[in-house]
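Thanks for coming, everyone. I'll take this one piece by piece. Please look at the screen.

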Amino acid sequence: MPSLVSVEEIRAAAGRLSGVAVRTPLLPFPGARPRLLIKAESLQLTGSFKLRGAYAAISALPRPARERGVVAHSSGNHAQAVAYAAALLGVPATVVVPHNAPAIKVAPARRLGARIVTTEPTLAARVAATQELISQHGYTLIPPFDDRAVIAGQGTIGLEIAADCPGADLIVVPVSGGGLISGVAAAITALCPGAKVIGVEPELAADARDSLRQGRQVAWPAGNTQRTIADALRVEQVGAVPLQHILRHVDDVVTVTEDEIRETVRRLAVEAHLVAEPGGAVAVAACLLRERDLPPAEARVAILSGGNIDPRLLAEILVERPALDPHKLGELCAPHSPTPRPEFCCSSPPPASSTSLVPAACCCSCSP
Ligand SMILES: Cc1ncc(COP(=O)(O)O)c(C=O)c1O
């Protein structure tokens, strides 16, 4: 059984990412009750958190491996991140993507100089094509999630949440192959031991929920997971290393419907002014629309993991009528207290000298 990634490994990854990855803000979702902070990885370079793991892994490679080049398989965001990180480090990159990956994710990888290889949209096809490239060219694989260096890179999000909101008691995280939640949970368990970590998946791709319940890797058929609008979350099963982290550190995995994902993409744009892709929005969707499925909490953080959405899909979702019931509409229209208060990233305003509502390090009275 693989050992779990430690907070020291995550701190080492943070050192390598310093000056490369954006320190993304924790932004309050306006009007959300209980309070909800959004870790806006949609604002990360390349439009998703994936840059953290990709750069952490490639920058740790020895020189001969860098010279031979790297290869990655990906639903799109990891491809773009590997292409970006490899270009920064002067490493040749090839990325294997499903033929139905959104152009908005693949075109930037091509522009960054990566060679693109397309396959059938299954994990098995992606892995087979990648293995062939490795045996032909001696490339080093940069896995999308089942890898300690990648998990350590994604875990730097957890370090930042713990530093910016040390009193966070619920961290809600999108899950597909499980690299993101593994790293975040490893950091949060070490630094905010009382906090709960919850994963979120589309109802149409709930393999991580089943894996947590059964204590083993449970795969869903690709034909099922392909049905979700959340193209980033269609992987059929969590990785072996992520499974160990999920079993040890994750309290639960909950699901959201396709309508809830679309409504949340729309609300993030209209109410929080944040562009989210469907897979990036699932944790926020659970906090806004599935509170009954989450443990009670006072300082909730949801990771908005990516913003690479096809502009035509975003336009379609933006003009959809909100699928809200009349009671929820009342909640949205009426202020919760007679005197509406401005939103701060923690429960009391920053000191009078502060000029920003969202300082780089939260003015956190959410600390215990
Ligand atoms: C935007 C976005 N969110 C979440 C995930 C899930 O990450 P993981 O596969 O590490 O669970 C992905 C994976 O591609 C992604 O692109």
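Which residue stands opposite arginine 300 in strand 10? Leucine 36 does. Before I go on, a caution: this is a predicted model.

Let's stay with that pairing. Leucine 36 belongs to strand 2, residues 36–40. Strand 2 and strand 10 run parallel, and 5 bridges join them. Now look at strand 7, residues 170–174. Strand 7 also pairs with strand 10 in the parallel sense, over 3 bridges. Here leucine 170 stands opposite arginine 300.

How many residues of strand 10 are buried? The count is 5 of 5, across residues 300–304, so strand 10 is largely enclosed by the rest of the structure. Both of its faces are covered. On one side you have Arg300, Ala302 and Leu304, buried. On the other side sit Val301 and Ile303, buried as well.

Next, another pair of strands. Strand 9 covers residues 252–256, and 4 of its 5 residues are buried. Strand 8, residues 196–202, pairs with strand 9 in the parallel sense. That pairing has 5 bridges. Within it, glutamate 201 stands opposite threonine 255.

On to the ligand. How many residues surround the ligand? There are 22. The closest are Gly177, Gly179, Ala232, Ser305 and Gly306. By class, the shell has 12 polar residues, 8 nonpolar and 2 charged.

Where does the ligand shell lie with respect to the domains? Domain 1 is made of 7–48 plus 147–326, and domain 2 is 51–141. Both give residues to the shell, so it lies between them. Two helices each supply at least two shell residues: helix 4, at 77–89, and helix 8, at 179–191. Helix 8 gives the largest share, with 3 residues.

So let's look at helix 8. Is helix 8 largely enclosed or open? Of its 13 residues, 10 are buried, so helix 8 is largely enclosed by the rest of the structure. The buried ones run Gly179, Leu180, Ile181, Ser182, Gly183, Val184, Ala185, Ala186, Ala187 and Ile188. Does the length fit? At 1.5 Å a residue, the 13 residues of helix 8 should span 18 Å. The end C-alpha atoms are 19 Å apart, which agrees.

Just ahead of that helix is a residue to point out. Glycine 178 sits in the loop between strand 7 and helix 8. Is glycine 178 buried or exposed? It is buried: 33 other C-beta atoms lie within 10 Å, and the cut-off for buried is 20 or more. Which residues is glycine 178 in contact with, leaving aside neighbours within four places in sequence? They are Phe145, Ala208, Val238, Gly239, Pro242, Leu243 and Ile246. Take glycine 239 from that set. Glycine 239 is 61 residues away along the chain, yet the two C-alpha atoms are separated by 6.5 Å.

Last stop, helix 2, residues 50–59. This helix is mostly covered, with 9 of its 10 residues buried. Among them are Lys50, Arg52 and Tyr55. What covers the buried residues of helix 2? The cover includes helix 1 (7–17), strand 3 (70–73) and helix 7 (148–164). It also includes helix 4 and helix 8. Those two helices came up before: each supplies at least two residues of the ligand shell.

That's the tour. Over to you.

Notes:
Residues are numbered from 1 along each chain as its sequence is written. This is a predicted model: local features need pLDDT of at least 70, side-chain atom pairs count only at pLDDT 80 or more; totals for chains, interfaces and linings use all residues. A residue is buried if 20 or more other C-beta atoms lie within 10 Å of its own, exposed if 12 or fewer, and partly exposed in between; C-beta atoms are placed from the backbone. Helices (H or I, at least four residues) and strands (E, at least two) are DSSP runs, numbered from the N terminus. Two strands pair if DSSP finds at least two bridges between them. A residue is near a molecule or strand if its C-beta atom, placed from the backbone, lies within 6 Å of it. Ala, Val, Leu, Ile, Met, Phe, Trp, Tyr, Cys and Pro count as nonpolar, Asp, Glu, Lys and Arg as charged, and the others, Gly among them, as polar. Domain bounds come from an automatic or database domain assignment. The expected span of a helix is 1.5 Å times one less than its number of residues. Two residues are in contact if their C-beta atoms, placed from the backbone, lie within 7 Å.
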